Amino acid sequence: MAKAKKTVEERLQEVEDRLEILNLIAAHPPATDSGSSQVAATYWTEDGEFDRGAGLSGMKGKAAMASGPTPGFREAMRQGIAHFSGLPHIELDGDKATVTSYLQIVMPNTQGEPVELSSHGTSKGFRIHRMTVNRWDLVRTEDGWRIARRRLRLLDTTDEGRALLHELAQPAQT
């Protein structure tokens with residue numbers, strides 16, 4: 001059965017939704033890395049859940065985000081942590097959206113050999129400390145799109161990260 005053709009207004013709303021979601025997902029790492037917890041908290045619903053899986057500490061809700069960086073994260077900031085996200089895949093479903101993205105944790109390579117790059121100075125470089133997969137469940141609120149749930153899994157030799165990727169690959173249930 002053919003899909004009904006969308007109106008110009010419906011198509012424009014979808015474009016606006018996608019742009020707002022892209023900005024939300026793109027703004028999260030800089031807000032986190034800068035220690036701007038109050039800003040990062042505005043991206044979440046009040047009861048939002050951050051599920052980091054086994055072996056990783058997690059937090060729940062806007063209040064936990066707003067409480068500020070933990071001592072461990074403040075130390076990671078001092079060490080130069082940077083969250084680098086890949087372009088997200090966005091699935092829209094009315095007032096809900098599911099976003100799948102990669103996230104790299106990058107850090108300065110303090111043991112690297114210094115390398116000079118013309119017009120850019122000398123650096124020991126950076127290393128990818130960790131690769132993760134994220135599934136973000138978003139909801140449209142009066143204040144725009146917000147994170148209701150975020151599942152983050154390591155992309156390593158376990159199956160957990162690949163399982164989140166597999167969810168993206170599944171055809172929509174009708």
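Buried residues have under 20% relative accessible area, exposed residues over 50%, and partly exposed residues lie in between (1.4 Å probe, protein chains only). The structure is a predicted model, in which local features need pLDDT of at least 70, side-chain atom pairs count only at pLDDT 80 or more, and totals for chains, interfaces and linings use all residues. Residues are numbered from 1 along each chain as its sequence is written, and side-chain values use heavy atoms, with hydrogens and water left out.

**Exercise 1.** Classify Val15 as buried, exposed or partly exposed, and state which surface patch Val15 helps to make.

*Solution.*
- Step 1: Val15 is placed in helix H1, residues 8-33; helices (H or I, at least four residues) and strands (E, at least two) are DSSP runs, numbered from the N terminus.
- Step 2: The relative accessible area of Val15 is 46%, so this residue is partly exposed.
- Step 3: Together with Leu12, Leu19 and Leu22, Val15 makes a nonpolar surface patch of about 340 Å². Patches consist of residues with over 30% relative accessible area and no salt bridge; like charges are joined within 9 Å, and nonpolar side chains (Val, Leu, Ile, Met, Phe, Trp, Tyr) within 5 Å. Accessible areas come from the Shrake-Rupley method with a 1.4 Å probe, and for residues only the protein chains shown count as cover.

**Exercise 2.** Identify the salt-bridge partner of Asp17 and explain which parts of the chain the pair ties together.

*Solution.*
- Step 1: A salt bridge requires a side-chain nitrogen of Lys or Arg within 4 Å of a carboxyl oxygen of Asp or Glu. The structure holds eleven of them.
- Step 2: The partner of Asp17 is Arg140, with the closest N and O atoms 2.7 Å apart.
- Step 3: Because Asp17 lies in helix H1 and Arg140 in strand S8 (residues 126-141), the pair ties together parts that are 123 residues apart in sequence.
- Step 4: Asp17 is buried at 5% relative accessibility, whereas Arg140 is partly exposed at 29%.

**Exercise 3.** Describe the salt bridge between Arg135 and Glu167 and name the network to which these residues belong.

*Solution.*
- Step 1: The side chains of Arg135 and Glu167 meet at 3.5 Å, N to O.
- Step 2: Arg135 lies in strand S8 and Glu167 in helix H5 (residues 160-169), so this bridge ties together parts that are 32 residues apart in sequence.
- Step 3: Arg135 is buried at 7% relative accessible area, while Glu167 is partly exposed at 31%.
- Step 4: Through shared partners, salt bridges join Glu91, Arg135, Arg151 and Glu167 into one network.
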